[in-house]
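Work through these exercises with the model open. Try each task before reading its solution.

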Amino acid sequence: MIEVRIHGRGGQGNVAASYLLAGTAIDQGWHALAFPAFGAERRGAPVAAFVRMDRRPFGRRDQIAHPDYLIVQDDTLLHDAATLAGLKPGGGILVNSARSAAELDLDGRVYTLPATALAEEHLGRPVPNTALLAAFLTLTGLLPVEALSHELGRRFHGAVLDKNRSLIAAAAEAVEADIWNEEVAHAAGA
């Protein structure tokens, strides 16, 4: 089972990102479940969303305490110890930031991407979720970015879809392909 925890703030598309990732996995023949957890329902409040994916059916519906991967949509949340808590040894952290992992003082498998800047360039809005998903899929090789593009087509149409597809192509191009693939194969039991 692959477990992903997404941290961000209200308005950044955390919940939508979890549903998009789960939908992409399901479309590729996986079993997947996505769900959010948040306190105050307001823009800017911390939000966490969870995604579980496996090749086999599963029944777990609890929050993810020990994720394989973290996607952090707002690097100011790194100051909260709960954001990085429980990451499995060798797990990967993808952070929306213009700063490097060293500048963020993070160790391990950490990759940064200026997803908000990419979103503003391609969407005209500071919503980093689809850029981070494309980067995550490219880094892991877990699912094809084209499958994410297909899933976006189920939710968006017209200019919004075109802009999001442009954004995910740019994000996928901006990261190194398959650098976390070895972890995925091990976690999937290969």
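**Exercise 1. Thr 138**

Which backbone oxygen does the side chain of Thr 138 reach? Then place Thr 138 in its surroundings.

Solution. Bear in mind that the model is predicted.
- Step 1: find the element. Thr 138 sits in helix H4, residues 129-140.
- Step 2: look for the polar partner. The side chain of Thr 138 reaches the backbone oxygen of Ala 134 at 2.8 Å.
- Step 3: judge burial. The cut-off for buried is under 20% relative accessible area. Thr 138 has 11% relative accessibility, so it counts as buried.
- Step 4: list contacts, setting aside neighbours within four places in sequence. Thr 138 then touches Val 145, Ala 172, Val 175, Glu 176, Ala 177 and Asp 178.

**Exercise 2. Asp 178 and Asp 105**

Find where Asp 178 and Asp 105 lie, and classify their exposure.

Solution.
- Step 1: start with Asp 178, one of the contacts of Thr 138. Asp 178 lies in the loop between H6 and helix H7 (181-187).
- Step 2: check its backbone. Phi of Asp 178 is positive, near 60 degrees, and the residue is not a glycine.
- Step 3: classify it. Asp 178 has a relative accessible area of 41%, so it is partly exposed.
- Step 4: turn to Asp 105. Asp 105 is in the loop between strand E5 (92-96) and strand E6 (109-113). Its phi is also positive, at about 60 degrees.
- Step 5: apply the cut-off for exposed, over 50%. Asp 105 is at 66% relative accessibility, so it counts as exposed.

**Exercise 3. The cores**

How many residues has the largest nonpolar core, and which helix gives the most to it?

Solution.
- Step 1: count. The largest nonpolar core has 43 residues.
- Step 2: assign. H4 gives the most, with eight residues.
- Step 3: pick out the residues with the most contacts inside this core. They are Val 4, Leu 21, Met 53, Leu 94, Leu 113 and Phe 136.
- Step 4: look for another core. A second, separate one has nine residues, including Val 72, Ile 93, Leu 104 and Leu 106.

**Exercise 4. Helix H1**

Check the length of helix H1 (residues 14-27).

Solution.
- Step 1: estimate. At 1.5 Å a residue, the 14 residues should span 20 Å.
- Step 2: compare. The end C-alpha atoms of H1 are 20 Å apart, which agrees.
- Step 3: follow the chain onward. After H1 comes Gly 29, with a positive phi near 95 degrees.

**Exercise 5. The largest pocket**

Which helix gives the most to the lining of the largest pocket?

Solution.
- Step 1: size it. The largest pocket holds about 230 Å³ of space.
- Step 2: find its centre. Of the 14 lining residues, Leu 123, Arg 125, Val 127, Phe 156 and Asn 164 are the closest to the centre.
- Step 3: assign helices. H1, H4 and helix H6 (158-174) each supply at least two lining residues. H6 gives the most, with three.

Technical notes
Residues numbered from 1 in each chain as written. Predicted model: local features only at pLDDT ≥ 70, side-chain atom pairs only at ≥ 80, totals over all residues. Heavy atoms only, no water. Helix = DSSP H or I, 4+ residues; strand = E, 2+ residues; numbered from the N terminus. Buried < 20%, exposed > 50% of the residue type's maximum accessible area, 1.4 Å probe, protein only. Polar contact = N/O pair within 3.5 Å; in protein donor to acceptor, adjacent residues only side chain to side chain. Contact = heavy atoms within 4.5 Å. Core = buried A, V, L, I, M, F, W, Y, C linked by side-chain atoms within 4.5 Å. Expected span 1.5 Å × (residues − 1). 1 Å grid on protein atoms, 1.4 Å probe; cavity = no way out; pocket = protein on both sides within 12 Å on 5 of 7 lines; lining within 4 Å. Points joined across faces, edges and corners; volume = space filled by probe spheres on them.
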